[in-house]
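Thanks for sharing this one with me. Here are my notes, as numbered points, to read with the model open beside you.

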Amino acid sequence: MNPEKLINPLIIYWDINPDQSEDDIVLRICGELVDTGVFILDLKDMSQQQGGVTEKILKRLSKEQIKIILTSDSTFLRMPVEVLKGPQLFIEFDSVERFRTGLDDVLDQIRKGHAAGVSFGLNSRNFLELPGFISLCIDNKIENVSIPIQRAYDSEVFYPDPDEASGLSEALDKLDLEHLNLSIHDPFLWKMFYKKENPNEDGCNAAKTMMYISKDFEVTPCPIMPISIGNLRETSLKEIFSSMMRQEVRDKLLLEPDECGACSLLDKCKGGCRGRTYVISGSLNKRDPACLSPQTK
Ligand code: SF4
């Protein structure tokens with residue numbers, strides 16, 4: 001196996017801590033995102049605060065060539081309209097009940113062009129509500145729906161057991177997904193929706209095209225993979241991008257897990273979600289626990 005020659009990541013996920021008052025670090029990171037040519041900044045701020053860190057980031061980057069996606073609670077819509085013009089805003093809900101309550105507001109904001117769509121952050125308590133959430137989107141012609149990457153730092157990492165996965169898959173089967181623009185990162189969840197392998201699947205991109213900044217400025221390969229490559233309080237984003245640590249993590253992710261054995265899907269799947277595997281098993285040399293393939297060792 002030859003090591004990959006790494007270039008700067010194309011997409012950075014950044015979760016905002018509303019209590020952060022370290023403006024100098026935040027603004028320095030913004031400058032480095034621009035200098036290093038990052039294409040997409042995917043921000044998440046569920047703080048329900050206005051005028052805070054996120055607003056400063058949006059203002060700082062408003063004239064730069066960087067696409068910004070912001071996932072937040074609907075209270076963000078009270079931010080100054082000029083700040084909201086730039087980012088693609090996804091309004092996040094964690095239950096169908098909350099989505100129903102906020103639906104009129106969401107539809108109104110989509111009509112006005114302030115919101116792009118909705119997001120459903122999955123966890124072990126709400127994943128069975130996923131078909132109901134999607135169904136409500138279809139009924140109300142909400143096309144852009146995001147199912148974000150689970151966060152290892154501040155929530156449990158979960159996956160459905162085989163019975164739950166099969167029930168979920170059956171319920172999703174009844175939905176007409178044709179007009180939905182779905183963003184799904186989990187390879188096995190993608191398969192539950194579309195009943196086939198993702199033709200664009202090409203293994204894990206953690207520490208390669210994507211990296212993550214946690215609420216404490218810890219930089220990790222992906223939101224679900226809690227392996228620290230450096231902290232932005234002590235080190236710069238540029239140094240982290242060109243670090244040996246990043247290269248070492250990538251080299252490990254290129255190794256196919258022994259447990260995948262002679263699986264016929266290995267070429268594309270490459271072991272599934274490596275972050276979930278790492279959180280649950282403590283090893284990168286295992287197959288994804290969400291995998292239901294019988295072809296494993
Ligand atoms: S065994 Fe499962 S995780 Fe491993 S390559 Fe095959 S489908 Fe992917």
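**Notes on the model**

1. Let me begin with one pair in the sheet: Glu92 stands opposite Ser119 in strand E5. Next to that, Ile91 has Val118 of E5 as its bridge partner. Strand E4 (residues 88-93) and strand E5 (residues 117-120) run parallel and are joined by four bridges. Helices (H or I, at least four residues) and strands (E, at least two) are DSSP runs, numbered from the N terminus.

2. Before going further, a word on the source. This is a predicted model, in which local features need pLDDT of at least 70 and side-chain atom pairs count only at pLDDT 80 or more, while totals for chains, interfaces and linings use all residues. Residues are numbered from 1 along each chain as its sequence is written.

3. Now the sheet as a whole. It is open, has ten strands with mixed pairing, and follows the order E7-E6-E5-E4-E3-E2-E1-E8-E9-E10. Its edge strands, each paired on one side only, are E7 (181-184) and E10 (230-231). Two strands count as a pair if DSSP finds at least two bridges between them.

4. E5 has a second neighbour to look at. Strand E6 (residues 144-147) runs parallel to E5, and three bridges join the two. One of the facing pairs puts Gly117 opposite Asn144 in E6.

5. How are these strands connected? Between E4 and E5 comes helix H4 (residues 96-112), and the three make a right-handed β-α-β unit. E5, helix H5 (residues 130-139) and E6 also form a right-handed β-α-β unit. Right-handed here means that, with the strands pointing away from the viewer, the path from the first strand over the helix to the second runs clockwise.

6. Two residues other than glycine deserve a look for their positive phi. Lys141, in the loop between H5 and E6, has phi near 55°. Ala207, in the loop between helix H7 (187-194) and strand E8 (210-213), has phi near 65°. Is each of them buried or exposed? Lys141 counts as exposed because it has 10 C-beta neighbours inside 10 Å, whereas Ala207 has 30 inside 10 Å and so counts as buried. The cut-offs are 20 or more other C-beta atoms within 10 Å for buried, 12 or fewer for exposed, and anything in between for partly exposed, with C-beta atoms placed from the backbone.

7. On to helix H11 (residues 274-281), where Arg274, Gly275, Arg276, Thr277 and Tyr278 are buried. Those buried residues pack against helix H9 (244-254). After H11 comes Gly282, with a positive phi near 75°.

8. Lys286 lies in the segment after H11. It is a buried lysine, because 20 other C-beta atoms lie within 10 Å. Leaving aside neighbours within four places in sequence, Lys286 is in contact (C-beta atoms, placed from the backbone, within 7 Å) with Pro257, Glu259, Thr277 and Ser281. From Lys286 to Leu255 the C-alpha distance is 10 Å, with their positions 31 residues apart in sequence.

9. Which residues are closest to the ligand? They are Cys260, Cys263, Cys269, Gly272 and Cys291, out of 13 that surround the ligand. A residue is near a molecule if its C-beta atom, placed from the backbone, lies within 6 Å of it. The shell divides into six nonpolar, five polar and two charged residues. In this scheme Ala, Val, Leu, Ile, Met, Phe, Trp, Tyr, Cys and Pro are nonpolar, Asp, Glu, Lys and Arg are charged, and the others, Gly among them, are polar.

10. Ile25 in helix H1 (residues 23-35) offers a link across the sequence. The C-alpha atoms of Ile25 and Glu234 are 9.8 Å apart, although 209 residues separate them along the chain. Not counting residues up to four places away in sequence, Ile25 touches Phe217, Leu232 and Arg233. Ile25 counts as partly exposed because it has 13 C-beta neighbours inside 10 Å.

11. Finally, the chain overall. The protein chain has eleven helices and ten strands. Its C-alpha trace spans about 55 × 50 × 30 Å along the principal axes. Of its 297 residues, 37% count as buried. Among contacts with a separation of 6 or more, 69% are between residues 24 or more positions apart.

Definitions and conventions: Two residues are in contact if their C-beta atoms, placed from the backbone, lie within 7 Å.
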